[in-house]
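Please open the structure in your viewer and keep the selection panel at hand. The tour proceeds one selection at a time.

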Amino acid sequence: MTTPAITARGLTKRFRGQGGEIVTAVDGIDLTIGSGEIVAFLGPNGAGKTTTVDMFLGLTSPTSGTIEVYGATPHRAVVDGRISAVTQTGGLLPDFTVRETIRAIATLHGRPERVDVVVERAGLGPIANRLVKACSGGEQQRLKFALALVPDPNLVILDEPTTGMDVSVRQEFWDTMRADAAGGRTIVFATHYLAEADAFADRTVLMARGRIVADGPTAEVRAAYGGQTVTFRPPADVLTVHGVDEEWLDDVRTAVAPLGITDLEVASASLEAAFLALTGPELTGATTSACEGQR
Ligand SMILES: Nc1ncnc2c1ncn2[C@@H]1O[C@H](COP(=O)(O)OP(=O)(O)OP(=O)(O)O)[C@@H](O)[C@H]1O
């Protein structure tokens with residue numbers, strides 16, 4: 001059996017807050033992430049995502065519980081170049097070009113031969129000779145991604161990598177990531193954006209208040225907790241100012257096809273519905289379903 005990329009057992013992190021109170025940022029999570037998975041950590045502000053991924057990277061030590069990265073300590077995995085990260089903060093040198101930056105880091109890692117492949121992987125060829133200070137925020141994030149690829153890690157961790165990017169730049173960033181992941185790299189990312197988990201992750205781990213409230217294939221998390229919505233175009237004469245006539249809807253429930261409904265479409269509810277159901281103030285966990293008429 002291959003060693004999992006990440007194994008966490010009872011992983012807990014407490015901080016002392018400014019008023020001296022104890023804040024439980026991560027509350028006893030159990031998790032195994034297999035090699036080659038693309039996993040989104042999704043959750044609202046303060047859910048514990050950053051603290052969790054910081055423990056994966058060895059940037060923060062757990063208060064209790066255990067964490068292994070490829071069967072070793074996070075520190076060992078970092079030293080061995082098996083895991084690396086794209087963080088929100090972390091300086092780039094403004095007066096270096098993109099290629100010079102990558103070359104400097106590749107030299108530090110003793111991997112000068114990686115420069116060209118990394119430039120290509122991160123889609124930086126067209127701007128390789130541009131000064132970092134002339135790069136857009138999105139381009140600088142791609143450069144950080146390139147730097148994370150220098151040691152050719154098995155696992156890349158990204159903490160909200162697209163914060164502040166506009167939609168098209170975000171899309172470009174994920175296209176680059178997706179192309180790289182196709183080669184089998186394990187990718188774990190924290191995000192606020194439901195659409196990013198939906199579009200990019202095979203698996204979504206939904207966090208709220210330091211705990212995992214849902215964990216599974218992204219489509220299943222969406223379906224199980226978001227319910228389903230059926231949309232259709234009803235005949236015009238059953239439409240009222242309040243929507244579709246209730247009696248007619250009863251007829252539809254018993255005999256859909258003979259009623260002349262066109263464009264009948266069954267679609268899963270959005271991941272947003274799952275997110276709200278699971279991370280809102282009241283954790284209902286309920287599955288809802290809805291039947292809507294579309295004009
Ligand atoms: N160094 C620290 N000292 C005290 N409290 C902390 C510290 N780091 C995090 N926390 C608290 O732990 C909780 C979880 O924070 P964390 O940053 O992990 O959440 P998050 O899901 O990444 O949030 P965001 O999406 O806003 O980045 C929050 O209540 C936060 O205030």
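Select Thr-107 and Leu-108: these exposed residues sit on the face of helix H3 that is turned away from its buried side. The model is a predicted one. Now add the buried residues of H3, which spans residues 98-108; they are Val-98, Arg-99, Thr-101, Ile-102 and Ala-106. Viewed down the axis of H3, these buried residues fall within an arc of 160 degrees, so they line one face of the helix. Next display helix H4 (115-121) and helix H5, which are among the elements covering the buried residues of H3. Just after H3, select Gly-110, where phi is positive, at about 70 degrees.

Proceed to helix H6, residues 167-181. Place a distance between its end C-alpha atoms: they are 21 Å apart, which agrees with the 21 Å that 15 residues should span at 1.5 Å a residue. Which residues of H6 are buried? They are Arg-170, Phe-173 and Met-177. Seen down the axis of H6, the buried residues fall within an arc of 65 degrees, and therefore line one face of the helix. An α-helix has 3.6 residues a turn, so residues three or four places apart point the same way. On the other side of H6, select the exposed residues Ser-168, Asp-175 and Ala-179. The cover over the buried residues of H6 includes helix H5 (137-149) and strand S7 (186-191).

Finally, select the ligand. Of the 13 residues around the ligand, Phe-15, Ala-25, Asn-45, Thr-50 and Thr-51 come nearest. Strand S2 (22-33) and helix H1 (49-56) are the elements that give two or more residues to this shell. The largest share, 3 residues, comes from H1. Coloured by class, the shell shows 4 nonpolar, 8 polar and 1 charged residues.

Key:
Residues numbered from 1 in each chain as written. Predicted model: local features only at pLDDT ≥ 70, side-chain atom pairs only at ≥ 80, totals over all residues. Helix = DSSP H or I, 4+ residues; strand = E, 2+ residues; numbered from the N terminus. Expected span 1.5 Å × (residues − 1). Buried ≥ 20, exposed ≤ 12 C-beta atoms within 10 Å, placed from the backbone. Arc of directions from axis to C-beta. Contact = placed C-beta atoms within 7 Å. Near = placed C-beta within 6 Å. Nonpolar A, V, L, I, M, F, W, Y, C, P; charged D, E, K, R; others polar.
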